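Subject: Structure for your review

Hello,

Here is the structure I said I would hand over. Please have the sequence open beside it while you read my notes.

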Amino acid sequence: MDACGVLRVLCGAFYGVLCVFSIVTGLIYMGGRRTLNPLELSDAFVAKLDTEEKKRTFARKMGLVTFVVGIVQGVTAWALIQADRPALYGVALGFTLFSIASVAFKLRGKVSAFPLVKLVAYLAVLVVLLLGGTRAAFFGEEGTYTGQEAAIAQTYEQIDQETAREMMAREDGHVVVDVRRQDEYDAGHIPGAILVPNETIGEEMPEALPDLEQVILVYCRSGNRSKQAAEKLADIGYSNVYEFGGIIDWTGEIEY
């Protein structure tokens with residue numbers, strides 16, 4: 001896990017702690033075991049609660065709101081730790097912005113250490129969410145890469161079949177990979193090609209391709225699966241992946 005990942009998980013843990021605190025506090029308020037939290041209320045508002053009945057009524061309402069906020073904090077914690085799709089980024093960013101606005105509004109009526117600490121913490125979470133590495137974790141290939149991150153992002157190169165033939169003629173340790181099904185491979189393939197079906201390529205290195213720096217020439221039937229396979233191989237970490245379309249356009253020798 002990189003530095004952005006560590007910071008993101010720490011932010012998730014922060015929201016997790018807030019979740020437990022808010023849910024417990026909310027239940028206490030709703031149960032009438034606590035009247036109000038003066039640290040988060042302006043002096044002018046506290047002055048309006050001039051009877052014990054008003055304080056108890058307000059405490060119950062405050063408890064319900066705090067309990068619901070705790071649930072949302074828990075969802076936000078999960079979103080930060082999971083971090084695998086754009087919708088979760090929207091949840092984490094949206095609730096963080098809401099929290100910043102909420103605390104800032106409270107500070108208008110009463111400046112104290114407690115809300116100030118919360119404001120600083122929420123701002124720190126916002127900074128982490130805006131980091132390129134954090135966005136990339138949520139958005140995957142659609143994430144925004146900048147600077148050094150863009151330089152190290154893995155990809156593959158698409159070449160024409162004439163270039164592929166020229167590369168096959170070199171003695172550079174390259175490998176030609178057929179990513180079709182076994183029956184398609186058996187019906188005819190480029191001489192020397194090894195079979196690594198597209199559907200078998202996941203997040204781990206295929207056993208047939210043990211060298212991440214080896215030149216890999218990828219093809220399929222028409223060029224669709226080869227693009228998918230080349231992309232997955234690049235994501236795994238193979239640094240010299242070349243995709244050259246489908247065997248239906250191949251004018252060279254065919255092996256059976």
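Below is what I found, beginning with the chain as a whole and then going through helix packing, cysteines and single residues.

Please keep in mind that this is a predicted model.

The chain as a whole

The chain contains 10 helices and five strands. It has 256 residues, of which 39% count as buried. Among contacts in the chain with a separation of 6 or more, 69% are between residues 24 or more positions apart.

Helix α1 against helix α5

Two packed helices are described by the angle between their axes and the distance between the axes. For helix α1 (residues 3–30) and helix α5 (residues 113–130), the angle is about 145° and the axes are 10 Å apart. The crossing of α1 past α5 is left-handed. On the α1 side the contact is made by Leu7, Arg8, Cys11, Phe14, Tyr15 and Leu18, and on the α5 side by Ala121, Tyr122, Val125 and Val128. Sorted by class, this contact of α1 with α5 has nine nonpolar residues, one charged residue and no polar ones. As background to the spacing of such positions, an α-helix has 3.6 residues a turn, so residues three or four places apart point the same way.

Helix α5 against helix α6

The second pair is α5 with helix α6 (residues 132–139), where the axes are 5 Å apart and the packing angle is about 65°. The two helices, α5 and α6, are therefore roughly perpendicular to each other. Val128, Leu129 and Leu130 of α5 meet Gly132, Thr134, Arg135 and Phe138 of α6. By class, the contact of α5 with α6 has four nonpolar, two polar and one charged residues. Val128 of α5 is thus listed in the contact with α1 and also in the contact with α6.

How enclosed is α6 by the rest of the structure? Six of its eight residues are buried, so α6 is largely enclosed. The buried residues of α6 are Gly132, Gly133, Thr134, Arg135, Ala136 and Phe138. Gly132, Thr134, Arg135 and Phe138 also appear in the contact with α5.

Cysteines

How many disulfides does the model have? The count comes to zero. For reference, a disulfide is a covalent bond between the sulfur atoms of two cysteines. Cys11, with a relative accessible area of 9%, is buried. Cys220 is buried as well, with a relative accessible area of 1%. Cys11 is one of the α1 residues in the contact with α5, while Cys220 is among the residues that Ser226 contacts.

Residues around α1

Gly12 lies in helix α1. Gly12 counts as buried because its relative accessible area is 1%. Its C-alpha atom is separated by 6.7 Å from that of Trp78, a residue 66 residues apart from Gly12 along the chain. Leaving aside neighbours within four places in sequence, Gly12 is in contact with Ala77, Leu80 and Ile81.

Ile71 sits in helix α3 (residues 52–82). Is Ile71 buried or partly exposed? With 41% relative accessibility, Ile71 counts as partly exposed. The C-alpha atoms of Ile71 and Gly16 are 9.8 Å apart, and the two are 55 residues apart along the chain.

Ser99 is in helix α4 (residues 86–109). At 4% relative accessibility, Ser99 is buried. Not counting residues up to four places away in sequence, Ser99 touches Tyr15 and Tyr122. Both of these tyrosines belong to the contact of α1 with α5, Tyr15 from α1 and Tyr122 from α5.

Residues around α10

Ser226 is found in helix α10 (residues 224–236). Ser226 counts as buried because its relative accessibility is 0%. From Ser226 to Arg180 the C-alpha distance is 8.3 Å, with their positions 46 residues apart in sequence. Apart from neighbours within four places in sequence, Ser226 is in contact with Val179, Val218, Tyr219, Cys220, Glu243 and Gly245.

Asn198 lies in the loop between β3 (194–195) and β4 (216–220). Asn198 is buried, with a relative accessible area of 6%. Its C-alpha atom is 4.9 Å from that of Val179, and the two residues are 19 residues apart along the chain. Leaving aside neighbours within four places in sequence, Asn198 contacts Val179, Arg225, Gln228, Ala229 and Lys232. Val179 therefore appears in the contact lists of both Asn198 and Ser226.

Regards

Notes: Residues are numbered from 1 along each chain as its sequence is written. This is a predicted model: local features need pLDDT of at least 70, side-chain atom pairs count only at pLDDT 80 or more; totals for chains, interfaces and linings use all residues. Side-chain values use heavy atoms; hydrogens and water are left out. A disulfide is a pair of cysteine sulfur atoms within 2.5 Å. Buried means under 20% relative accessible area, exposed over 50%, partly exposed in between (1.4 Å probe, protein chains only). Axes are lines fitted to C-alpha atoms, for helices over the stretch in contact, and angles run from 0 to 180 degrees between N-to-C directions. Helices (H or I, at least four residues) and strands (E, at least two) are DSSP runs, numbered from the N terminus. A crossing is left-handed if the near helix is turned anticlockwise from the far one by less than a right angle, and right-handed if clockwise. Contact means heavy atoms within 4.5 Å. Ala, Val, Leu, Ile, Met, Phe, Trp, Tyr, Cys and Pro count as nonpolar, Asp, Glu, Lys and Arg as charged, and the others, Gly among them, as polar. Angles under 35 degrees count as roughly parallel, over 145 as roughly antiparallel, 65 to 115 as roughly perpendicular and the rest as oblique.
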